[in-house]
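Student: I've just opened this one and want a quick tour. Can we start with the charged contacts, then move on to the empty spaces?

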Amino acid sequence: MSAQKPLIVKNGEAWPVEIIPLMPFDNFASAVLDEIAGGGRIVSMFAAPGNGARPVIYAALARDKSSDIAVLACQPGAQYRSLTPDAPQAHMFEREIYETWGIKPEGHPWLKPVRFPGKSGGRNVGVADFFRVEGEEVHEVAVGPVHAGVIEPGHFRFQCHGEKVFHLEISLGYQHRGVEASLSGGPDKTALARMETVAGDTTIGHATAYCQLVEGLMGVTAPDRGGAIRAMALEMERLANHTGDLGMLSQDIGYLPPSAFLGRLRGDFLNLTQVICGNRFGRGLVIPGGVRFGLDEKMTADVLGGLNKPGKEAMSAARLLWNKPSVLARFENTGTVSLKDCEALGLVGPTARACGADRDARRDHPVGAYASKPVTVANWGSGDVFARAMVRLLEMKNSLAYLTTLLNESPAGALTTPVGAIKPHHMAISLVEGWRGEICHAAITGPDGRFSCYKVADPSFHNWTGLAMALRGQEISDFPLCNKSFNLSYCGFDL
């Protein structure tokens with residue numbers, strides 16, 4: 001164990017950068033591995049400008065049992081010993097740091113860029129090395145990056161023997177938008193709009209993570225009423241997307257009645273957010289300091305009424321799935337990810353809970369309404385498509401109950417807290433459990449109180465590797481169903 005200890009903070013807090021322990025690399029590596037051995041997991045790891053020419057690598061690890069976040073740093077120079085062989089959940093973060101800053105993790109098992117294009121002079125779009133399996137009758141199947149239908153660009157390279165998949169490699173980054181880089185020097189008037197579109201189906205999740213982080217850097221918190229409305233909107237977003245996902249899973253196996261019902265009901269749930277703020281995706285609702293819109297008695301009654309009927313219809317339509325043996329035959333034992341692999345890779349959200357991992361940022365790192373009104377966390381243990389569908393159904397039930405409680409017991413008072421200036425030379429971390437999983441925003445400010453670094457970890461950043469693992473030993477024809485059961489974001493990855 002290193003002599004220096006990580007700095008322990010809470011979700012949404014800010015602290016001076018100077019108190020973060022800057023460790024020699026060996027101590028840093030030991031501390032990260034000790035945290036993981038003790039049940040911690042990497043929620044963010046990134047490099048930022050440091051004093052002098054060398055950038056600093058920061059790591060933040062969640063201790064879910066104690067609601068703490070351990071923060072530590074090192075300044076390794078041009079290269080360091082890769083953490084990935086001992087901590088696979090570091091693999092994507094290390095690749096990203098190498099791609100962005102050129103700091104090489106020696107011994108990384110597959111050090112390829114994360115996105116196109118990398119640094120100036122880097123690879124061209126679509127040009128990359130892929131792992132290849134050699135052997136008699138082994139063949140390769142390439143899918144994408146251009147897909148049929150309304151699907152974002154991503155390339156999937158399968159190594160197969162007959163129909164059996166030996167290995168799947170996923171290459172993204174075709175729409176690298178430079179969102180994180182564009183936030184340096186901010187925040188400005190465009191920052192919140194950028195956050196709302198990090199992943200368009202997660203507007204409330206990313207806007208809340210951003211506002212929570214900025215409030216921490218300002219030393220303010222949203223009032224109880226504003227926090228309650230944020231939680232309502234977050235649960236509506238979860239409800240709408242889970243409903244749509246169950247419908248799409250039904251469509252992928254050719255069982256159309258639930259698909260039609262659930263697709264329509266997703267729209268009904270989106271419309272409830274529109275009642276609050278005038279936008280179905282919740283744009284313009286969450287702002288630094290709280291929320292822009294409240295609910296009066298009539299609006300509350302309208303939302304409660306609007307929740308009741310589609311809620312019952314969604315449960316009824318979902319039962320069609322679970323009552324059909326042919327559906328269960330397609331869902332069960334398809335695309336299984338073990339709990340061991342889940343923990344090693346640091347998977348998050350419904351994907352992790354479907355493997356039996358008991359983690360949810362709403363309960364483990366609560367902020368706002370979640371601190372005063374705890375949520376019920378849904379788990380399953382089989383790790384297959386069935387489990388990922390079941391966790392969504394259970395979370396829909398829990399969200400319906402939680403929303404009803406919030407609407408009936410919503411606190412009175414102000415919608416916002418006055419905001420002020422952002423503290424210079426501070427760092428903050430914000431965790432939000434979005435519908436797809438844990439969202440992590442981290443930022444460091446410079447001497448002028450502007451962002452010198454902003455890092456977003458969408459749940460898809462953790463979970464794309466889980467999809468690749470789910471396909472091992474699977475029939476290649478099961479890929480669409482497995483892919484839908486994860487429903488990951490391309491644009492949320494290509495930041």
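Student: How many salt bridges does a search of the whole structure find?

Tutor: The search finds 30. A salt bridge here is a side-chain nitrogen of Lys or Arg within 4 Å of a carboxyl oxygen of Asp or Glu. Keep in mind that this is a predicted model, where local features need pLDDT of at least 70, side-chain atom pairs count only at pLDDT 80 or more, and totals for chains, interfaces and linings use all residues. Residues are numbered from 1 along each chain as its sequence is written, and side-chain values use heavy atoms, with hydrogens and water left out.

Student: OK. Which side chain does Arg41 meet in a salt bridge?

Tutor: That of Asp64, at 2.8 Å from N to O. The two sit 23 residues apart, in distant parts of the chain. Arg41 is in strand S4 (residues 41-48), while Asp64 is in the loop between strand S5 (56-63) and strand S6 (68-74). Helices (H or I, at least four residues) and strands (E, at least two) are DSSP runs, numbered from the N terminus.

Student: Is Arg41 buried or exposed? And Asp64?

Tutor: Arg41 counts as buried, because its relative accessibility is 5%. Asp64 counts as buried too, at 12%. Buried means under 20% relative accessible area, exposed over 50%, and partly exposed in between (1.4 Å probe, protein chains only).

Student: Which residues are linked in a network of salt bridges?

Tutor: Glu235, Arg238, Arg353, Asp360, Arg362, Glu395 and Glu433.

Student: What does Arg353 pair with there, and how far apart are the atoms?

Tutor: Asp360 is one partner, with the closest N and O atoms 3.5 Å apart. Glu395 is another, at 2.7 Å. Arg353 lies in helix H11 (residues 349-354) and Glu395 in helix H14 (residues 385-408), so this pair ties together parts that are 42 residues apart in sequence.

Student: Are those residues buried or exposed?

Tutor: Arg353 and Asp360 are both buried. Glu395 is buried as well.

Student: New topic: pockets. How much space lies in the largest pocket?

Tutor: About 940 Å³. A pocket is found on a 1 Å grid over the protein atoms alone, as an open set of points with protein on both sides within 12 Å along at least five of seven lines; a cavity is a set where a 1.4 Å probe fits but cannot get out. Lining residues have an atom within 4 Å of a point. Grid points are joined across faces, edges and corners, and a volume is the space filled by probe spheres set on the points.

Student: Which residues lie nearest the centre of the largest pocket?

Tutor: Val150, Ile151, Met248, Lys484 and Asn487, out of 34 that line the pocket. Strand S10 (155-161) and helices H6 (224-252), H7 (256-277) and H16 (479-486) each give two or more residues to this lining. H6 gives the most, with seven.

Student: How do the residues of that lining divide by class?

Tutor: Into 16 nonpolar, eleven polar and seven charged. Ala, Val, Leu, Ile, Met, Phe, Trp, Tyr, Cys and Pro count as nonpolar, Asp, Glu, Lys and Arg as charged, and the others, Gly among them, as polar.

Student: And the second largest pocket: how much space is there?

Tutor: About 670 Å³. This pocket is lined by 26 residues, and His91, Arg95, Trp110, His167 and Thr465 are the closest to its centre. Helix H2 (91-101), strand S11 (164-171) and helix H15 (459-470) each give two or more. S11 has the largest share of the lining, five residues.

Student: What about closed spaces? How many cavities of 30 Å³ or more are there?

Tutor: Two. The largest cavity has a volume of about 90 Å³. Of its 13 lining residues, Glu237, Asn241, Leu270, Arg280 and Phe281 lie nearest the centre. H6 and H7 each give two or more residues to that lining, and H6 gives the most, with five.

Student: Which residues line the second largest cavity?

Tutor: Gln89, His91, Met92, Phe93, Leu345, Phe461 and His462. About 50 Å³ of space lies inside. H2 gives the most to this lining, three residues. By class, the lining has four nonpolar, three polar and no charged residues.
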